[in-house]
Amino acid sequence: MSETPAGTPGTTAGPSGDALENLLAEGRRFPPSPEFAAQANAGPDLYADAAADRLGFWAARARELTWETPFTEVLDWSGAPRARWFADGRLNAAYNAVDRHVEAGLGDRVAIHWEGEPGDTRTLTYADLQREVSRAANALEALGVRTGDRVAIYLPLIPEAIVAMLACARIGAPHSVVFGGFSAEALHTRILDAEASLVITADGGYRRGAPSALKPAVDEALAHGDTPVRHVLVVRRTAQDVDWTPGRDVWWHEAVDGAADVHAPVAVEAEHPLFILYTSGTTGKPKGIFHTTGGYLTQAAYTHSVVFDLKPDTDVYWCTADVGWVTGHTYVAYGPLLNGATQVLYEGTPDTPHKGRWWELVQKYGVTILYTAPTAIRTFMKWGEDVPARFDLSSLRVLGSVGEPINPEAWIWYRRVIGGDRTPVVDTWWQTETGGIMISPLPGVTRAKPGSAQVPLPGVSAEVVNEAGEPVGNGRGGYLVLTEPWPGMLRGIWGDERRFADTYWSRFPGFYFAGDGAKKDDDGDVWLLGRVDDVMNVSGHRLSTTEIESALVSHPWVAEAAVVGASDETTGQAVVAFVILRADAVERADEPGEGSDVVASLRAHVVHEIGPIAKPRSILIVPELPKTRSGKIMRRLLRDVAEHRTVGDVTTLADTSVMDMISAGLHGSAAAPA
Ligand code: PRX
């Protein structure tokens, strides 16, 4: 496996050696049934059409949207790597997601079946959504938001989250949604970077059976006093007490409910920014990935229709992602609504009040398409087959997976237990940066292979290359690149043109470097092998090792820290931190075990700096870190320790005894990995 990037220094994830060989030896195949193939939105000819005329193919997809001013140019790549798609056209995202369906006579169709965690429900038809979004757009304008202004959204998964996003889109104000699991500090840096002038939040949301607060984090973020935020619009969801800053804070129900329910959508240029979404990179500072309107919407609508085989008049679609992540942007807020789908939105956790909650919802709403992450599937596997068996899941006809590699066993379980051995399963590979699904089976076409994302979608060109950027061919590992521009591609990193070019376009000139290792098998199908950079994937959430290290060293007791993603049966990877304490703190850490003062304090500090999603599973206090002679931390060796493996080759270490010291220290304390 020496040619495989997974396993080389700098790699943080991915199966290697025997594990990889076992994966690729996966021989089970699941061709679509003739009945499914006969009714599918996409047939084999779609690949041929796209290959024959790639730009013509994308132009045809784009024309499925409604344009206020039709475009005449398809792609301008002269300013590469900054693409311009459909640049002389004008359109509005909210009009396309909502109004055009109402105008087509579909106003009574349910857009959203929303279910709160405590069991309260709301149903919004497309006509309801049009009125709500219009009211909210009028309210935003009354608060001074203008086309081009940025709006931060920090909400639980309630209908207002989607209404807020679409209201921003309606006036051409790029939104920046920040996941509710991020801390006040993380929210603050994102508000500052995007220079948002408005924050939309809620008093809180329901999580694990109890109200959790959100507004205090906004107050704390704004207490820095250095942001351009003028107003905070607050949805009342839980009726908790909130601190109130008069003049700045405004209740949603006061500003929105009384606003006029008619609003003229602002048609913007296709390249007008639609949203910024922050994601972790290899440095300590998150990247503001920004997407523009025409190309992104084209990618969202097309991929949502062909990958899930969506039939808008009969399907009930449910993507379980939060709108704080890209999956919730493209496959909750935009894709389904652009296609006029009926979807389910659920606020809470899968085991509240019982472990069958999701399956109860599938039964209740007759969900036909379910899109979720492997971590969730592995959790359900642990809970046992008898839980879903108590519910009627026979409505399901397509299952999707996203966010991390799905191991064949989880794939098979998903299809058998949830899909009744009947449904196609689509393993979809993509990223915040790609805007939409890039590599995935098509459910009516592809002979599915458990564990492999298989083939680039029609219109998408991907390759696996070596260090020199040359295709490695079948059977060899390499780096995944996208070789042609696509409409939904990121247009940049907000405020950092240079970092955009350096991060994605410099390693393999002319190609987009995804940061993932991959391998094609003998059929040419793509297997994703995990990140080849310092990015971890915990429960399908992207985290940066460097960002967590920076958080740890900002604690006064910490001298140095190294973080690795160690493989974890349920979450894919888990955060494991190795920490060297400052001399004065060492005394406090007489017993540096998992429950000790020091470890608890460091954990709490990471939660404060980044959020609960970044909380290390283990923090190991060590006397030294393994470094090369040039001072680079060898994370590969730390992963060996964290994953209980024999420590690998240490000959390039400046001090080869360091690993012995680390292992001895761990065995002598209670700090061994959980
Ligand atoms: O490593 C890949 C992994 O998730 C990364 C992108 O993370 P993010 O931008 O947060 O978007 C997640 C949802 C699209 C990728 O670089 N990843 C995503 N989907 C898959 C995957 N790895 C393997 N198989 C997938 N299907």
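Helix 7 and helix 12 cross in the right-handed sense, where right-handed denotes a near helix turned clockwise from the far one by less than a right angle. The model is predicted, with local features requiring pLDDT of at least 70 and side-chain atom pairs pLDDT 80 or more, while totals for chains, interfaces and linings use all residues. Residues are numbered from 1 along each chain as its sequence is written, and side-chain values use heavy atoms, without hydrogens and water. Helices (H or I, at least four residues) and strands (E, at least two) are DSSP runs numbered from the N terminus.

Helix 7 spans residues 159-171 and helix 12 residues 326-338. They pack at an angle of about 65 degrees, and their axes lie 11 Å apart. Axes are lines fitted to C-alpha atoms, for helices over the stretch in contact; angles run from 0 to 180 degrees between N-to-C directions. Helix 7 contributes Ile-162, Met-165, Leu-166 and Ala-169. Helix 12 meets them with His-329, Val-332, Ala-333, Tyr-334 and Leu-337. Contact means heavy atoms within 4.5 Å. Eight residues of this contact are nonpolar, one is polar and none is charged.

An open sheet of seven strands has the order 5-4-17-16-18-19-20, with mixed pairing. Pairing requires at least two DSSP bridges between two strands. Strand 5 (121-125) and strand 20 (425-428) are the edges, each paired on one side only. Neighbouring strands are turned by 15 degrees against each other on average, direction ignored. Strand 4 (residues 110-115) runs parallel to strand 17 (residues 342-346), joined by four bridges. Trp-114 has Leu-345 in strand 17 as its bridge partner. Helix 6 (residues 126-142) packs on this sheet and touches strand 4 and strand 5. The direction of helix 6 makes about 90 degrees with that of strand 5.

A second open sheet comprises four antiparallel strands in the order 21-22-24-25. Strand 21 (462-465) and strand 25 (526-531) each have a single partner strand, so one side of each lacks a neighbour in the sheet. Here the average turn between neighbouring strands is 45 degrees, direction ignored. Four bridges link strand 21 to strand 22 (residues 477-482). Glu-463 is bridged to Val-481 in strand 22.

The ligand is surrounded by 17 residues, of which Thr-428, Thr-432, Asp-516, Arg-531 and Arg-542 come nearest. A residue counts here if one of its heavy atoms lies within 4 Å. A ligand nitrogen lies 3.1 Å from a backbone N or O atom of Gly-403. A side-chain N or O atom of Asp-427 is 2.8 Å from a nitrogen atom of the ligand. For Gln-431, a side-chain N or O atom is 2.9 Å from a ligand oxygen.

Notes
Ala, Val, Leu, Ile, Met, Phe, Trp, Tyr, Cys and Pro count as nonpolar, Asp, Glu, Lys and Arg as charged, and the others, Gly among them, as polar. A polar contact is a pair of N or O atoms within 3.5 Å; within protein, one must be able to donate a hydrogen and the other to accept it, and residues adjacent in sequence count only if both atoms are side-chain atoms.
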